[in-house]
Amino acid sequence: MHSTPSASGPAISLENLSRHYGAIKAVDNVSLEIAAGSFVALVGLSGSGKSTLLKMINRLVDPTAGEVSIAGENIEATDSHILRRRIGYVFQNIGLFPHMTISRNIAIGLELAGEKDGRQERVAELLELVELPQDMASRMPPQLSGGQQQRVGVARALATRPGLMLMDEPFGALDPVTRDSLAGQYKALHEKLGLTTIIVTHDMAEALYLADRILVMEDGQIKADATPAELLSGKVGGEAEALVAIPRAQAAHLIALSKKA
Ligand SMILES: Nc1ncnc2c1ncn2[C@@H]1O[C@H](COP(=O)(O)OP(=O)(O)OP(=O)(O)O)[C@@H](O)[C@H]1O
């Protein structure tokens, strides 16, 4: 079997990016440089604009103003099929096609791109990459657990060897143990493949654990931009501090309980 060649994640640039819906400023004049190979978490309260920001990067949502560039190229000028091959997208409810085998679900991006050669080998390679047994290839999605389906979602997103992964609450619907183990395995994949990853999560503890940079959104704007260590140090303040206070208090509570045992 071939080993997976390292992809090289692109740098991303957002310039005065906005998406307004009438009076609602879902994303409001955001400018941002994301370095190649970063793992960025977008956190913030419900409705703060995280998903809208993410979806403007793969053109699922069109901005009302501003620009997105990937590896220095304005995405408006990039053919949307090419863009989709370069960007993997994983979201909470996976969206596997229930009437297609796991193998076909994984290969759908290759099929749509007209890539005929080596599809089965690529599926085998991807199953191995996301640590699923090869015999799952012939099963149908309803015959897999939620966690296994989510792994298939990750495999499908990686099929076209994208350098950029966009993930919207990818592990949100899973139990905490599966969630933690999948998140850890994804982080290892991110490093192994040299990806650029942007993840939306409601879970600050997950963001602190996974990302090397955390962006806190509020009312369509980025109100804090910090490393996990900076956030944990308590120097960032504002809403970021309120979000970090929750996992910090939980950790302190658990430590106190374990001392009583
Ligand atoms: N298609 C739409 N039409 C009108 N308003 C929209 C649309 N999509 C999003 N919004 C509004 O834009 C704001 C930001 O929504 P968005 O989904 O980006 O937030 P979010 O931070 O991802 O929220 P959540 O954490 O709940 O998923 C919200 O007020 C939402 O109601």
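How do the residues of the shell around the ligand divide into nonpolar, polar and charged? I noted three nonpolar, seven polar and one charged; Ala, Val, Leu, Ile, Met, Phe, Trp, Tyr, Cys and Pro count as nonpolar, Asp, Glu, Lys and Arg as charged, and the others, Gly among them, as polar.

Before going on, I wrote down that this is a predicted model, in which local features need pLDDT of at least 70, side-chain atom pairs count only at pLDDT 80 or more, and totals for chains, interfaces and linings use all residues. Residues are numbered from 1 along each chain as its sequence is written.

Entry: ligand. I looked up the residues surrounding the ligand (C-beta atom, placed from the backbone, within 6 Å of it) and found Tyr21, Ile24, Ala26, Gly44, Ser46, Gly47, Ser48, Gly49, Lys50, Ser51 and Thr52. Helix H1 (50-57) and strand E2 (24-34) each supply at least two of them; helices (H or I, at least four residues) and strands (E, at least two) are DSSP runs, numbered from the N terminus. H1 gives the largest share, three residues.

Entry: methionine 165. I found methionine 165 in strand E7 (residues 164-168). Is methionine 165 buried or exposed? I put it down as buried, because 25 other C-beta atoms lie within 10 Å; buried takes 20 or more such atoms, exposed 12 or fewer, and partly exposed falls in between, with C-beta atoms placed from the backbone. Leaving out residues up to four places away in sequence, methionine 165 touches Gly88, Val90, Ala157, Leu195 and Thr197; contact requires C-beta atoms, placed from the backbone, within 7 Å. I also checked valine 27, 138 residues apart from methionine 165 along the chain, and their C-alpha atoms are separated by 20 Å.

Conventions. Two residues are in contact if their C-beta atoms, placed from the backbone, lie within 7 Å.
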